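Here's a quick briefing to read with the fold on your screen. Have a look at the chain first, then work through the notes by topic.

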Amino acid sequence: MTRRIAILRLIFATLMAFTLTANAQWEEKTINGRGYVSTSSMKTYYGFNSLSQSGKQITLKKVHAKDPKQGILVTMSIGSQQCLMNGVKFVFTYPVISSGGKTWVSKMDLVKLVHPVLMPGDIREAANFRTVIIDPGHGGKDPGATNGLGTEASYNLKVSMFLKKDLEALGFKVIMTRDSNRYLTLQQRVDVANQSKENAIFISIHHNSGQSAARGIETFTLSPVGVAHYGSRLKASDLQTRTGNFHDSANVALATAVHGTLLRYLKDEKTQKAYTLDRGIKRARFSVLSGVKHPSILVECGFMTHPYEARLINDTGYQKTVAKLIASAVQRYRAAVGARKG
């Protein structure tokens with residue numbers, strides 16, 4: 001790590017510490033130069049009924065007084081960056097660690113991921129909105145991923161057009177970055193989104209590709225300042241604030257609503273067998289997320305390179321279901337952030 005990155009990281013860590021130490025309930029500790037908070041203080045602050053550990057697995061459980069189905073279950077593992085909140089997979093920036101007989105979560109992950117998910121009503125920048133900007137990825141000379149059944153650009157547009165119809169039926173105003181098979185640069189997509197003067201959210205629709213065994217749904221938000229692009233090492237540019245970072249908390253809350261809804265309901269109605277797998281909510285520095293001034297996410301709706309998912313993606317019924325679930329999630333997200341205090 002260069003001296004510049006080390007200095008910038010120290011400055012950022014100091015700001016993060018200030019955010020948390022304002023509340024005396026947080027038990028904090030610096031480990032290997034990085035700030036952490038104890039899981040026991042998370043239990044106290046968020047009102048979990050229990051905190052337990054079995055081997056490396058840590059479980060926080062909160063039971064809803066009137067409806068047990070509305071409770072919160074958080075599971076993490078020492079040495080792992082994976083966290084499940086009510087069954088939805090999130091990828092932490094740093095692993096959970098054990099020190100001094102207690103378990104600890106990094107301040108970065110608490111502030112930028114856990115808190116927005118557990119307390120969406122606290123997200124001050126998530127102003128009420130009625131406009132949704134839909135970005136069907138690729139198009140024109142850029143087909144995206146391809147297989148023997150079709151192109152990603154075509155599937156992205158089909159799902160997006162179904163989504164537009166569903167959102168409008170719910171009373172939302174919809175802006176499309178493209179509504180035909182035409183090419184747009186990444187900057188042009190950002191420009192279309194930023195032309196909206198109204199409060200809005202931005203959803204970029206994509207379909208994945210990879211090795212033939214790879215499958216599942218994954219949703220991306222912009223990496224917060226100090227968090228590297230998914231799968232990459234931290235570099236100096238990761239410590240620069242981007243336009244989209246103003247909505248870090250809203251981004252995660254929106255991703256949670258969409259990703260969680262897709263995973264919960266994307267299943268066969270008769271057998272209740274899930275159509276796909278959970279690849280998690282991840283952070284990345286995609287250009288369309290970095291430059292947009294509204295809360296933004298990028299949704300990968302399945303793998304075109306997986307034999308089974310390729311057939312699903314090509315099915316009109318599946319496309320309509322994905323769109324309807326995303327529209328429902330947008331409605332839930334608006335209700336959740338609209339319930340904020342103050």
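Is Lys-164 buried, partly exposed or exposed? Lys-164 is partly exposed, with a relative accessible area of 23%; here buried means under 20% relative accessible area, exposed over 50%, and partly exposed in between (1.4 Å probe, protein chains only). Keep in mind that this is a predicted model, where local features need pLDDT of at least 70, side-chain atom pairs count only at pLDDT 80 or more, and totals for chains, interfaces and linings use all residues. Residues are numbered from 1 along each chain as its sequence is written, and side-chain values use heavy atoms, with hydrogens and water left out. Helices (H or I, at least four residues) and strands (E, at least two) are DSSP runs, numbered from the N terminus.

**Around Lys-164**

- Lys-164 sits in helix α4, and its side chain meets that of Glu-168 in a salt bridge at 2.8 Å, N to O.
- A salt bridge here is a side-chain nitrogen of Lys or Arg within 4 Å of a carboxyl oxygen of Asp or Glu.
- Both partners belong to α4 (residues 152-169) and are 4 residues apart, about one turn of the helix.
- Glu-168 is partly exposed too, at 38% relative accessible area.
- Look also at Met-176: it is 12 residues from Lys-164 along the chain, and their C-alpha atoms are separated by 8.2 Å.

**Other salt bridges**

- Side chains of opposite charge can pair when their charged atoms come close.
- The count by this rule comes to 13 salt bridges.
- Glu-198 and Lys-173 make one of them, at 3.6 Å from N to O.
- Glu-198 is in the loop between α5 (186-194) and β12 (200-208), while Lys-173 is in strand β11 (residues 173-176), so this pair ties together parts that are 25 residues apart in sequence.
- Glu-198 is partly exposed at 35% relative accessible area, and Lys-173 is partly exposed at 35% as well.
- Lys-235 pairs with Asp-238, with the closest N and O atoms 3.9 Å apart.
- The two ends of that pair sit in opposite settings: Lys-235 is partly exposed at 41%, whereas Asp-238 is buried at 0%.
- Glu-218, Arg-279 and Lys-282 are joined up in a salt-bridge network.

**Strand β13 and its neighbours**

- Strand β13 (residues 217-222) is mostly covered, with 6 of its 6 residues buried.
- It pairs with strand β14 (residues 278-284) in the parallel sense over 6 bridges; two strands count as paired if DSSP finds at least two bridges between them.
- Thr-219 has Ile-281 as its bridge partner in β14.
- To get from β13 to β14, the chain crosses through helix α6 (residues 248-265), and this β-α-β crossover is right-handed (with the strands pointing away from the viewer, the path from the first strand over the helix to the second runs clockwise).
- β13 also runs antiparallel to strand β15 (residues 296-303), joined by 3 bridges.
- In β15, Glu-300 stands opposite Glu-218.

**Antiparallel strands earlier in the chain**

- One open sheet of 4 strands goes in the order β1-β2-β9-β8, with antiparallel pairing.
- Its edge strands are β1 (28-31) and β8 (97-99), each pairing on one side only.
- β1 meets strand β2 (residues 34-38) over 4 antiparallel bridges, and Lys-29 has Tyr-36 as its bridge partner in β2.
- Strands β3 (residues 50-54) and β4 (residues 57-62) pair in the antiparallel sense over 5 bridges, with Ser-54 opposite Gln-57.
- β3 and β4 form a hairpin with 2 residues between them, and Gly-55 in the turn has a positive phi of about 65°.
- β4 then pairs antiparallel with strand β5 (residues 72-77) over 6 bridges, where Val-74 stands opposite Leu-60.

**Helix α9**

- α9 (residues 316-338) has 23 residues, which at 1.5 Å each should span 33 Å, and its end C-alpha atoms are indeed 33 Å apart (the expected span is 1.5 Å times one less than the number of residues).
- Its buried residues include Tyr-318, Val-322, Leu-325, Ile-326, Val-330, Tyr-333 and Val-337.
- Asp-315 caps the N-terminal end of α9, with a side-chain oxygen 3.0 Å from the backbone nitrogen of Gly-317.

Note on methods:
Polar contact = N/O pair within 3.5 Å; in protein donor to acceptor, adjacent residues only side chain to side chain.
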